[in-house]
Amino acid sequence: MERPPLSPSTLTRRDVLRTGLAGVAWLLLPNTVVQDSGEDDPHGVNARLKYLMEAQLPHVTHRTHLIVPSASRGVVHLPDIHQCNATTKEDKRQVEQSQLEIAELIQALCRDERVKLKILFDEALLAEGEPPLPERPAHLTVQRRQLSLSNRALLGAATYVANQGLVEERGAEKTATFAPVWDAWDKPDWKKIVFDDREDAFLQIACAEAPGSVCYVVFGCSHDWKNNVETWNKEHPREKFSLVTLYTQEIHTQLVQQGILPSPDPSLTVMEEQQ
């Protein structure tokens, strides 16, 4: 199912991707878990990710997993619905509820003795050392409308919790892959520009972290790293990633109602990684 294109007029800097929930079916995949033994987890990454699969976490009602033997690093995706230019009451409600749920989930992960989240990567922020973004072309300037949104929804949950001093916020974007998004929408390869290139760039950012790191990232609910991780692992057999995605109630409820995601507590599918 193809996600409908977005018009550049719907974009803000913090909200590069706030897609309609009906358009994300082609990105959402069933749970995939690779069975592994302790010997296949030399860095302890998979043990920490498996804890997230089983832990009681606030608002989390659906999880997808790709646990890879001998993974040297992990990615945990926290999908959200961004602040945007939408003006309907329902759009505003979804943004507020999503950002509330993600903020409380982040706070819980910071307090959890098994997780002790200290660093959180965030969409639409450049990674340290990246050159500044070029000035956006005038024809893509967004005419923003006034929305009565909370400070949490306007800032985004990651920035909101970082401002409380609970976690260090870092950029999840590279300039070379983020800047082209502004005028990508009319191009035939817009999905590669908007999704795959940026997701690949974040894996490069995450790979710069020490072996054994688990990198938590807040990115829009239309993103999915499964295909990126599978490709990366084939090309970098000594630097493999495992992946967990935690869906909170608001996003999950909308997708269940539309028949895109299963009801809470779906059974897991066991799949062996292609070696």
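Colleague: Let's start with the sheet. How many strands does the open sheet have, and in what order?

Modeller: Six, in the order E2-E7-E3-E6-E4-E5, and the pairing is mixed. Bear in mind that this is a predicted model. The twist averages 30° from one strand to the next.

Colleague: What makes E2 and E5 the edge strands?

Modeller: Strand E2 (60-66) and strand E5 (168-173) each have a single partner strand, so one side of each has no neighbour in the sheet.

Colleague: And how do you know that the pairing is mixed?

Modeller: Look at two of the pairs. E2 and E7 run antiparallel and are joined by six bridges, while strand E4 (residues 119-126) pairs with E6 in the parallel sense. Both senses turn up, so "mixed" it is.

Colleague: Why do three bridges between E4 and E6 count as pairing?

Modeller: Pairing takes at least two bridges, and E4 and E6 have three, so they pass. For a concrete spot, Leu120 has Tyr216 in E6 as its bridge partner. Over on the E2 side, Arg63 has Leu246 in E7 as its bridge partner.

Colleague: Back to E2, then. Why is E2 called largely enclosed?

Modeller: Seven of its seven residues are buried, so the rest of the structure largely encloses E2.

Colleague: What packs on the sheet?

Modeller: H1 does, touching E2, E3, E6 and E7, and its direction makes about 15° with that of E7. H2 packs on the sheet too, touching E2, E3, E4, E6 and E7, with its direction at about 150° to that of E3.

Colleague: What makes H2 oblique to H8?

Modeller: The axes of H2 and helix H8 (residues 249-257) come within 8 Å and cross at roughly 135°. Roughly antiparallel needs over 145 degrees and roughly perpendicular stops at 115, so a crossing of roughly 135° lands in the oblique class.

Colleague: Which residues meet there?

Modeller: From H2 you have Glu90, Arg93, Gln94, Gln97, Ser98 and Glu101; they meet Gln249, Glu250, Ile251 and Gln254 of H8.

Colleague: Which residues of H8 are buried, and what covers them?

Modeller: Glu250, Ile251, His252, Gln254 and Leu255 are buried. The cover includes E2, E3, H2 and E7. After H8 comes Gly259, with a positive phi near 75°.

Colleague: Now the nonpolar core. Which residues touch the most other members?

Modeller: Leu52, Leu78, Ile106, Leu109 and Tyr216, out of 30 residues in the largest nonpolar core. Two or more residues come from each of helix H1 (45-54), strand E3 (73-80), helix H2 (89-111), helix H4 (157-163), strand E6 (214-220) and strand E7 (241-248). H2 gives the most, with six residues.

Colleague: What does Leu52 touch?

Modeller: Leaving out residues up to four places away in sequence, Leu52 touches Leu57, Arg63, Val76, Leu109, Val115, Tyr216 and Leu246. There is also a second, separate core of 19 residues, with Phe121, Ala172, Ile205 and Ala206 among them.

Colleague: Why does Arg198 count as buried?

Modeller: Buried means under 20% relative accessible area, and Arg198 is at 0%, so it qualifies. Arg198 sits in helix H6 (residues 190-207).

Colleague: What makes the link between Arg198 and Glu173 a polar contact?

Modeller: The cut-off is an N or O pair within 3.5 Å, with one atom able to donate a hydrogen and the other to accept it. The side chains of Arg198 and Glu173 are joined at 2.4 Å, so the distance falls inside that limit.

Colleague: Why is His59 called partly exposed?

Modeller: The class runs between 20% and 50%; His59 has a relative accessible area of 27%, so it falls in between. His59 lies in the loop between H1 and E2, and its phi is near 75°, a positive value in a residue other than glycine.

Colleague: And Ser70, why partly exposed?

Modeller: Its relative accessible area is 39%, so Ser70 also falls between those limits. Ser70 lies in the loop between E2 and E3 and has a positive phi of about 65° although it is not a glycine.

Colleague: How much of the protein do buried residues make up?

Modeller: 54% of the 275 residues.

Technical notes
Residues numbered from 1 in each chain as written. Predicted model: local features only at pLDDT ≥ 70, side-chain atom pairs only at ≥ 80, totals over all residues. Heavy atoms only, no water. Helix = DSSP H or I, 4+ residues; strand = E, 2+ residues; numbered from the N terminus. Buried < 20%, exposed > 50% of the residue type's maximum accessible area, 1.4 Å probe, protein only. Core = buried A, V, L, I, M, F, W, Y, C linked by side-chain atoms within 4.5 Å. Contact = heavy atoms within 4.5 Å. Axes fitted to C-alpha atoms, helices over the stretch in contact; angles between N-to-C directions. Parallel < 35°, antiparallel > 145°, perpendicular 65-115°, else oblique.
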